[in-house]
Amino acid sequence: DGSVMTARFQINHFSSLRDVESDISWVKPVPLDRVGLSCLSGMPHFRLAGGQTGFTQVDISSYDYSSNSLKIWRGSVSDWLQKTKMAQAASQTLDNIVSARPDFAGLDMSATHLMGVVNVTPDSFSDGGQYLEREAAISHANALLSQGASIIDIGGESTRPGAAKITIDEERQRVIPVTQALSKRNILVSVDTRNPEIMRTALLEGATIINDVSGFRNKECLRVITDAYKAGMSPYVIIMHMQGEPATMQEAPSYNFAPIDIYMYLQEQIGLLVSSGLPRSNIAVDVGFGFGKSVKDNLVLIDWMPLFHGLGVPILIGISRKSTIAKLDNNAPVDERLGGSIALTLKSADAGVQMVRTHDVRQTAQAIKLWQAG
């Protein structure tokens, strides 16, 4: 057995599943690299969400609040299923992890899709002001599509750390004309908003996906989505985790252990949407890299990304040009963070994510093509 300190909880590793498993446990697959998969040719193994990434081992984790520790056992899937005292729950979790995802907004989730970013804002951290005018935003969206984007994500409110909230009218004037123009051309549009009024209008004007950085904490946002579904529309949603609000989220982020705390939050929000009537097949999640997280939290989330397949829905990751890259590389300016963005993207691809939100579509598409060909 061994241990290491992280966040507020100490991580303890155990050789016996019996010492770890509790009424609430979490399962993280351990992805194999290409060599590992080739060695298993003809032998039993499992696939993350029916995709390219295989695994034969899992990490089983549970919290021990009495000692402020996270307990982990690593073993083969077969050992886990044979030794677990919660066979039915284990079987359901494994099914969530390995089942191929249904199409999301018409996209095949066995592939890796790129979400191109169009910020119709004067103050976004990366490209604020560049696409504030309607025609510039539409032209940029067309360019991203030609470079390989499957989805265009339109945002009218900056949610960078320290960003101030804008009025609903300002956001509407920025977002809706671009949404209308792109939707009329049958382009798959996602609207990045946390405001129910914008969600409602965007769906009526042709948006297919609502990407909520506040994770549908606002009950009115939940109502907008479920009302749209009941009215015969088919809205798709991305639930993102953010600790706090953009203006203050980076002041003192704190977790017991970020991956598991965020997993529990996303699980709860999925449950709220499903119980309100939205099919699980219309839901994806985003761990919120950089939104109320320290550098260590962000890196641990990338390492633990396979955990989130247990939610049974597609995963979107947004790591493009984020400040964590600069903090690890001599304060690199925004336009010099491509290398870090690609590195984090490929590590996420190894973990089986289905969608990647990026400013640099052409370069990211090339990197993923090479990853797939390897």
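Is Ala49 buried or exposed? In this predicted model, Ala49 is buried, with a relative accessible area of 2%. The legends below treat this residue and several other sites in turn.

**Figure 1. Ala49 in the loop between β4 and β5.** The view is centred on Ala49, which belongs to the loop connecting β4 (46-47) with β5. The phi angle of Ala49 is positive, about 50°, although the residue is not a glycine. Most residues other than glycine have a negative phi. The relative accessible area of 2% places Ala49 among the buried residues, because buried means under 20%.

**Figure 2. Asn68 and the hairpin of β5 and β6.** Four residues lie between the two strands of this hairpin, and Asn68 takes a positive phi near 50° there. Asn68 is not a glycine either, and its position is in the loop between β5 and β6. With a relative accessibility of 41%, Asn68 counts as partly exposed, whereas Ala49 in Figure 1 is buried.

**Figure 3. Strand β6 and its two partner strands.** Strand β6 covers residues 69-76 and is mostly covered, with six of its eight residues buried. Its pairing with strand β5 (residues 54-64) is antiparallel and extends over eight bridges. Within that pairing, Ser61 has Ile72 of β6 as its bridge partner. Strand β2 (residues 9-14) runs parallel to β6 and is joined to it by five bridges. In β6, Lys71 stands opposite Asn12.

**Figure 4. The largest nonpolar core, with Phe308 shown in its surroundings.** This core comprises 73 residues, and Phe216 and Phe308 are those with the most contacts inside it. The greatest contribution comes from helix α8 (residues 258-275), which supplies eight residues. In soluble globular proteins, nonpolar side chains tend to be buried together. When residues up to four places away in sequence are not counted, Phe308 touches Pro259, Ile262, Tyr263, Leu266, Val287, Leu301 and Ile315.

**Figure 5. Helix α9 and the elements packed against it.** Helix α9 spans residues 295-303, and its buried residues are Asp297, Asn298, Val300, Leu301 and Ile302. These buried residues pack against α8, β13 (315-318), α10 (323-327) and α11 (338-350). Leu301 also appears in Figure 4, as one of the residues touched by Phe308.

**Figure 6. The crossing of helices α5 and α6.** The axes of α5 (residues 168-183) and α6 (residues 196-204) come within 10 Å and cross at roughly 20°. The two helices are therefore roughly parallel to each other, as angles under 35 degrees are classed in this way. Their crossing is right-handed. On the α5 side, the residues in contact are Ile168, Glu171, Arg172, Ile176 and Thr179, and they meet Glu197, Ile198, Thr201 and Ala202 in α6.

**Figure 7. Thr93 and Trp26.** Thr93 is located in helix α3 (residues 87-98). Its relative accessible area is 22%, and Thr93 is therefore partly exposed, given that buried means under 20% and exposed over 50%. Along the chain, Thr93 and Trp26 are 67 residues apart, and 8.8 Å separates their C-alpha atoms.

How values were computed. Residues are numbered from 1 along each chain as its sequence is written. This is a predicted model: local features need pLDDT of at least 70, side-chain atom pairs count only at pLDDT 80 or more; totals for chains, interfaces and linings use all residues. Side-chain values use heavy atoms; hydrogens and water are left out. A nonpolar core is a set of buried Ala, Val, Leu, Ile, Met, Phe, Trp, Tyr and Cys residues joined through side-chain atoms within 4.5 Å. Buried means under 20% relative accessible area, exposed over 50%, partly exposed in between (1.4 Å probe, protein chains only). Contact means heavy atoms within 4.5 Å. Two strands pair if DSSP finds at least two bridges between them. Axes are lines fitted to C-alpha atoms, for helices over the stretch in contact, and angles run from 0 to 180 degrees between N-to-C directions. Angles under 35 degrees count as roughly parallel, over 145 as roughly antiparallel, 65 to 115 as roughly perpendicular and the rest as oblique. A crossing is left-handed if the near helix is turned anticlockwise from the far one by less than a right angle, and right-handed if clockwise.
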